[in-house]
Amino acid sequence: MSLIAQLDLTRFIEHFSTFLARPKDFAPSHTPPNIWEHLQELEHLDCTPPPALICLKDALKAFKKGGVWRLDTLFAFVQITRYFAYLKALASPKQHPHLYAYLDNIHFPPALLELSTHMQDTPTLKSGFYPDLDALSESLARLQAQQKKLLNQILNKSGLQSYLVDRQVHFVNGIESLLVKPGFSVAIKGQVILRSHMGYFYIEPLEARDLSRKIQEVQTKIEENLARICTHWSGLLRPHFLFLRFINHEFDYIDHIIARVQFAKSANLSFIKPNNRGDFTLSHFAHPNLNNPKPISLRFDRSLLLITGVNTGGKTMLLKSILSAVFLAKHFLPFKIHAPTSAIPYIEHIQAIINDPQNSQNDISTFAGRMLDFQRALNTPQLLLGVDEIELGTDASEASCLYKVLLEKLMTQGAKIVVTTHHKHLALLLAKNHAIQLLAAHFDPQAQLPTYTFSPGLIGKSYAFESALRYGVPLEIINQARALYGAEQENLNALIERTSALEQELRVQHAQLEEAKKAHSQQIQEELEQLQAKAQAQQAKQNALEKSYQQALRALQDALKEFERTQNKSHAHQQIQAIKASLTQPKPTPKTTTNPPALTQGACVRYKNQLGSIISLNKESCLVALDNGLKIKINAQELTLATPPKIPPQVKLERKPTAQASMRLDVRALEVLEALQQAQDFLANALLAGFEEVLIVHGKGKGILRQALREWLKKHPKVIAFEDAPYNLGGSGAQVVKI
């Protein structure tokens with residue numbers, strides 16, 4: 001028995017097959033990597049399903065051997081061509097990128113595209129392309145019209161009315177004929193074609209025989225003409241045989257995808273993409289074969305699911321549901337499930353051991369058949385195995401030990417297993433394994449009916465006596481069986497169930513304790529990481545402050561050095577200018593000298609219109625700090641004592657403007673005057689910014705700009721020295737200037 005039949009999916013698959021354009025297997029022959037994306041995009045693409053199509057497998061085999069295709073076969077490939085063009089026109093590269101890329105990579109040969117323009121929407125050729133065929137078709141239509149008119153005239157003859165069975169024209173053996181009663185020869189001459197089972201005769205009137213022969217001759221010529229046309233097109237398409245075989249397969253693939261989409265929409269079904277992570281969660285799953293199913297919600301997160309409990313409580317249907325969900329998802333078939341909260345793994349092989357394998361013809365017992373099934377399972381990788389009523393066929397005690405070892409061996413090989421059983425011994429042996437998940441079917445003692453619900457972590461009771469009573473076994477027989485079973489055995493079963501429940505509770509509590517321990521450790525680790533992060537942030541902040549302090553200190557020191565250097569140069573420059581002025585001016589008339597005022601260190605003095613204080617003095621000159629911040633050394637005779645102003649104490653904050661300066665100036669391609677003007681502004685900004693060394697790039701060329709710039713730098717009062725730049729900074733095409 002096939003897996004589909006074992007899982008009760010036959011009717012479901014047959015219903016799906018009615019959505020296919022032509023008969024084929026329910027699963028695609030090949031599954032491209034983007035099949036899920038194609039399915040999702042076609043689900044949101046409003047398109048009509050492909051047209052019904054004949055099977056082309058045999059036609060392709062004959063074509064490969066040199067055969068000529070008939071018109072219906074050529075039309076089938078025209079239908080495929082047109083449908084792919086229709087899909088490509090609907091697909092959008094933005095909304096359907098994967099489907100569009102797939103269709104865009106298919107390029108039809110010109111011969112097939114041209115054939116498509118020659119054919120109508122039926123397996124017939126359009127008029128206008130083949131003049132001989134058009135003439136024959138017109139002739140046939142004219143003759144058929146004459147034949148129809150002649151037969152109507154014959155049917156209306158008064159002498160024939162009593163011999164007519166009906167007034168219809170019958171097409172028998174390719175001949176237009178009338179159905180008449182015996183003795184018809186009195187009223188009409190004709191040739192008998194066939195005798196009916198009622199004793200009547202199908203005759204061809206002699207009056208219409210010549211016309212019929214002409215019609216047959218024209219039809220023969222049309223067939224010959226069509227044969228030549230088909231031979232012509234078969235010859236044009238023969239070099240493209242590989243493409244024709246390919247496009248036939250791709251049409252089946254597209255047909256499969258669109259049929260799945262149409263099938264899902266017709267019954268409000270959902271798709272699930274199989275995952276490779278092994279996640280297995282069913283949320284509100286309903287088996288397709290059940291009319292009013294109770295939805296199943298289950299998380300299968302271990303290697304083996306052991307289902308126990310009441311008879312006819314839904315254990316077998318649960319097993320079939322789990323295997324069916326994996327089977328349908330594997331083949332991208334839709335079914336009833338809440339897809340957003342469900343996850344189904346991809347498992348390559350699915351094996352169901354459900355029915356009794358006993359077979360008298362092959363001399364196989366139930367147990368022997370089960371062993372053959374397990375032997376096949378042991379040699380199958382990537383397996384999902386379902387075993388119903390595993391204890392069938394042999395001694396229960398021996399079977400429990402044997403099946404325990406077999407199942408554990410399969411688990412070590414990576415198999416996923418679902419088992420139903422009523423065997424308490426086997427359940428107890430398996431329950432000790434942490435890789436096994438328990439599930440028990442419920443029974444309502446008051447209603448004496450199964451509830452078709454399940455509880456995790458328990459070994460369920462079979463309720464055999466209650467089930468037998470529900471199915472009509474007399475009560476007295478049930479009571480005798482219970483007496484024979486004994487209260488001790490009943491208590492033992494209750495104890496087994498209670499032990500299983502307690503063990504499950506202990507596992508849950510242990511898992512909760514481990515989870516709490518893990519959460520506490522994680523919390524401590526997080527708090528420790530937070531403290532470390534705070535300490536690192538504090539240290540980084542401190543380092544940033546120290547770095548900022550050091551930078552500010554260095555900037556202040558550089559500013560002081562620059563200020564002192566600038567002031568010294570400015571004072572020397574003033575002295576030189578004063579000496580030059582004294583040499584050019586005429587000697588003044590000597591005046592009578594007066595005694596200078598008594599000056600002391602720290603005294604407030606006035607120099608011209610500026611107030612200041614004496615820092616130091618000697619016999620002829622004083623060093624005075626003016627209020628505008630300048631320090632000058634002047635003759636004592638130019639000073640007068642002044643009263644210091646009474647100024648209330650205050651704090652004055654000043655901000656030194658930041659010079660907009662750069663350390664590099666490029667004056668290439670400029671006129672000499674413009675270059676010197678930019679150089680003047682550049683050096684002024686560099687001095688304000690506190691730069692000690694700058695770079696002026698003038699280029700090489702004929703050397704005119706270089707010579708003018710060097711002469712100008714020699715005369716500049718703020719330029720200490722200059723020289724050609726190093727090779728990596730421009731060499732002789734640039735000057736390094738110290739200011």
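A residue counts as buried when its relative accessible area is under 20%, as exposed when that area is over 50%, and as partly exposed in between. Keep that in mind for this model, which is a predicted one.

**Cysteines**

Let's start with Cys622. Its relative accessible area is 1%, so Cys622 is buried. What about Cys604, buried or exposed? Cys604 comes out at 16% relative accessibility, and because the cut-off for buried is under 20%, Cys604 counts as buried too. You might also wonder how many disulfides a search of the whole structure finds. The search turns up 0. As a reminder, a disulfide is a covalent bond that joins the sulfur atoms of two cysteines.

**A cavity inside**

Next, empty space. Rolling a probe the size of a water molecule over the atoms shows where such space is left. Searching the whole structure gives 1 cavity of 30 Å³ or more. The largest cavity has a volume of about 40 Å³. Its lining is made up of Leu42, Leu45, Cys47, Ile258, Val261, Gln262 and Lys265. Which helix gives the most to that lining? That would be helix 10 (residues 241–267), with 4 residues.

**Salt bridges**

Now for the charged side chains: there are 15 salt bridges in the structure. Here are some of them.

| Pair | Closest N to O distance |
|---|---|
| Lys88 and Asp104 | 3.2 Å |
| Lys404 and Glu408 | 2.8 Å |
| Asp724 and Arg706 | 3.1 Å |

Take the salt bridge between Lys88 and Asp104. Lys88 sits in helix 5 (residues 71–90) and Asp104 in helix 6 (residues 97–104), so this pair ties together parts that are 16 residues apart in sequence. Lys88 is partly exposed at 32% relative accessibility, and Asp104 is partly exposed at 30%.

Lys404 and Glu408 have another setting: both lie in helix 13 (residues 396–412), 4 residues apart, which is about one turn of the helix. Glu408 has 24% relative accessibility and counts as partly exposed.

Then there is the salt bridge between Asp724 and Arg706. This pair links distant parts of the chain, with Asp724 in strand 20 (residues 721–724) and Arg706 in helix 19 (residues 704–715), 18 residues apart. Asp724 is partly exposed at 32%, and Arg706 is partly exposed at 23%. Elsewhere, salt bridges with shared partners join Arg22, Lys24, Asp252 and Asp255 into one network.

**A nonpolar patch outside**

Finally, look at the surface. Tyr549, Leu553, Leu556 and Leu560 make a nonpolar patch of about 390 Å² there. One of these residues, Leu556, belongs to helix 17 (residues 487–584).

Technical notes
Residues numbered from 1 in each chain as written. Predicted model: local features only at pLDDT ≥ 70, side-chain atom pairs only at ≥ 80, totals over all residues. Heavy atoms only, no water. Patch = residues over 30% accessible without salt bridge, like charges linked within 9 Å, V, L, I, M, F, W, Y side chains within 5 Å. Areas by Shrake-Rupley, 256 points an atom, 1.4 Å probe, with all protein chains shown as cover. Salt bridge = Lys/Arg side-chain N within 4 Å of Asp/Glu carboxyl O. Helix = DSSP H or I, 4+ residues; strand = E, 2+ residues; numbered from the N terminus. Disulfide = S-S within 2.5 Å. Buried < 20%, exposed > 50% of the residue type's maximum accessible area, 1.4 Å probe, protein only. 1 Å grid on protein atoms, 1.4 Å probe; cavity = no way out; pocket = protein on both sides within 12 Å on 5 of 7 lines; lining within 4 Å. Points joined across faces, edges and corners; volume = space filled by probe spheres on them.
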